[in-house]
Amino acid sequence: MRKVSNIMRLALLQLSLSRDKAANVLNAISKIEMAVEEHNPRLITLPECFNCPCHRKYAEHIPDGYTSQQLSKAALDNQIYLIGGTIPELGDNNAIYNTCTVWGPNGELLAKHRKMHLFDIDIKGGIRFMESEMMSAGNDFTIINVDGHKIGIGICYDIRFEEMARLYRNNGCEMIIYPAAFNMTTGPLHWELLQRARANDNQLFVVTASLARDHSAEYVSYGHSMIVDPWAKVQKTADEHEQILVDDIDFSLVEQVRQQIPVFSQRRLDLYSTEKKSK
Ligand SMILES: NC(=O)CCC(=O)C(=O)O
């Protein structure tokens with residue numbers, strides 16, 4: 001597809017999470033409207049679990065469920081591409097997935113990405129979290145096309161898996177977007193590092209939208225939604241509070257860095273490889 005423009009305005013919504021699912025959806029919709037009115041972005045991204053904790057009791061079918069319908073309408077009403085954070089999806093097989101929906105400006109569901117790597121960690125003196133006790137893992141990579149630019153989708157913990165980002169790069173992506181909610185143990189150490197590493201390894205933009213920090217919540221999110229450019233420079237970042245982060249992406253930087261540091265043509269593929277397998 002022809003590239004319409006090399007500049008794309010993004011808005012990342014770093015949202016607070018209350019105990020009321022409908023109120024969380026309404027909060028997201030009102031922040032989408034605010035972002036559009038004030039900044040006119042082409043693409044808006046919401047955080048992981050923006051409407052409720054990822055739990056079976058909140059799960060919805062996609063695209064017939066309440067949250068999907070609201071996101072579809074918001075994309076249509078505001079004429080934007082909307083990366084709908086994540087919600088717990090009730091799959092046909094009764095399994096629950098942590099799923100990101102992607103909506104086009106006509107309100108159509110362009111894609112859904114089910115988190116591929118589940119967040120199971122146990123850090124002594126820090127956080128223990130076993131996402132696989134509640135959720136099933138997705139098996140599919142997701143690439144969308146916005147105005148001729150290929151964008152890969154991952155979800156939070158997915159960012160730790162360099163092979164996934166590499167596959168997106170190898171399939172033509174110029175950006176990877178990760179709706180996310182890192183925690184207070186690993187966030188200070190790894191959040192920025194991982195984004196800059198994925199951007200640097202693959203010479204593309206890395207974009208994250210996080211939940212805002214709430215110390216009274218059961219799961220305390222780190223915040224700091226971020227845009228990292230293909231030089232691995234932090235282009236823009238939020239603090240820990242609820243916030244609308246807006247900036248213009250200049251996709252010409254992707255070609256610039258790829259030409260000037262041509263590691264992808266210098267790889268020793270006669271000696272090693274990263275390959276996609278089908279399941
Ligand atoms: N929700 C998540 O996947 C959290 C990932 C995380 O905090 C990490 O350290 O990785």
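Axes are lines fitted to C-alpha atoms, for helices over the stretch in contact, and the angle between two of them runs from 0 to 180 degrees between N-to-C directions. In the predicted model described here, this description applies to helix 1 (residues 21–39) and helix 2, whose axes come within 11 Å and cross at roughly 10 degrees. Because angles under 35 degrees count as roughly parallel, helix 1 is roughly parallel to helix 2. On the side of helix 1, the contact is made by K21, A22, V25, I29, I32, E33 and V36. Helix 2 contributes Y66, T67, Q70, A74 and N78.

Helix 2 also holds S68. The relative accessible area of S68 is 0%, so this residue is buried. With residues up to four places away in sequence left out, S68 touches E60, H61, I62, P63, I87 and W103.

A third helix, helix 3, spans residues 162–170. Within helix 3, M164, A165, R166, L167, Y168 and R169 are buried. Just after helix 3, G172 takes a positive phi of about 95 degrees.

The nonpolar interior was examined next. In soluble globular proteins, nonpolar side chains tend to be buried together. The largest nonpolar core of the model has 45 residues, and L43 and M175 are those with the most contacts inside it. Strand 11 (residues 175–180) supplies the largest share of this core, 5 residues. Apart from this core lies another, of 21 residues, which includes L13, L46, A75 and V246. Leaving out residues up to four places away in sequence, L43 touches M8, R9, L10, A11, Y81, I83, V146, I151 and I177.

Two prolines were considered in turn. P88 is placed in strand 4 (residues 87–90). Its relative accessible area is 1%, and P88 is therefore buried. Apart from residues within four places in sequence, the contacts of P88 are N51, C52, P53, C54, H55, Y58, A59, E60, I96, Y97 and M135. P88 and R114 are 26 residues apart in sequence, and their C-alpha atoms are 9.5 Å apart in space.

P105, in turn, is found in the loop between strand 5 (96–103) and strand 6 (109–114). P105 counts as buried because its relative accessibility is 13%, and the cut-off for a buried residue is under 20%. Outside its neighbours within four places in sequence, P105 is in contact with R42, A75, L76, Q79, I80 and Y81. From P105 to N78 the separation is 27 residues in sequence and 7.4 Å in space, C-alpha to C-alpha.

The cysteines form no cross-links of the disulfide kind, as the structure holds 0 disulfides. For C52, the nearest cysteine sulfur is that of C54, 6.3 Å away. A disulfide requires sulfur atoms within 2.5 Å, and C52 is in no disulfide. C52 is buried, with a relative accessible area of 1%. C100 is likewise in no disulfide, and the nearest cysteine sulfur, belonging to C49, is 11 Å away. At a relative accessibility of 0%, C100 counts as buried.

Charged side chains were then surveyed, and the structure holds 15 salt bridges. One of them joins the side chains of K115 and E48, with an N to O distance of 2.9 Å. K115 lies in the loop between strand 6 and strand 7 (120–122), whereas E48 lies in the loop between strand 2 (43–45) and helix 2 (66–78), so this pair ties together parts that are 67 residues apart in sequence. K115 and E48 are both buried.

A salt bridge is also formed by R128 and E133, whose closest N and O atoms are 4.0 Å apart. In this pair, both R128 and E133 are exposed. In the salt bridge between R268 and D270, the closest N and O atoms are 2.8 Å apart. R268 is partly exposed, with a relative accessible area of 42%, while D270 is exposed, with a value of 57%. Salt bridges that share partners also join E48, K115 and E131 into one network.

Conventions:
Residues are numbered from 1 along each chain as its sequence is written. This is a predicted model: local features need pLDDT of at least 70, side-chain atom pairs count only at pLDDT 80 or more; totals for chains, interfaces and linings use all residues. Side-chain values use heavy atoms; hydrogens and water are left out. A nonpolar core is a set of buried Ala, Val, Leu, Ile, Met, Phe, Trp, Tyr and Cys residues joined through side-chain atoms within 4.5 Å. Buried means under 20% relative accessible area, exposed over 50%, partly exposed in between (1.4 Å probe, protein chains only). Helices (H or I, at least four residues) and strands (E, at least two) are DSSP runs, numbered from the N terminus. Contact means heavy atoms within 4.5 Å. Angles under 35 degrees count as roughly parallel, over 145 as roughly antiparallel, 65 to 115 as roughly perpendicular and the rest as oblique.
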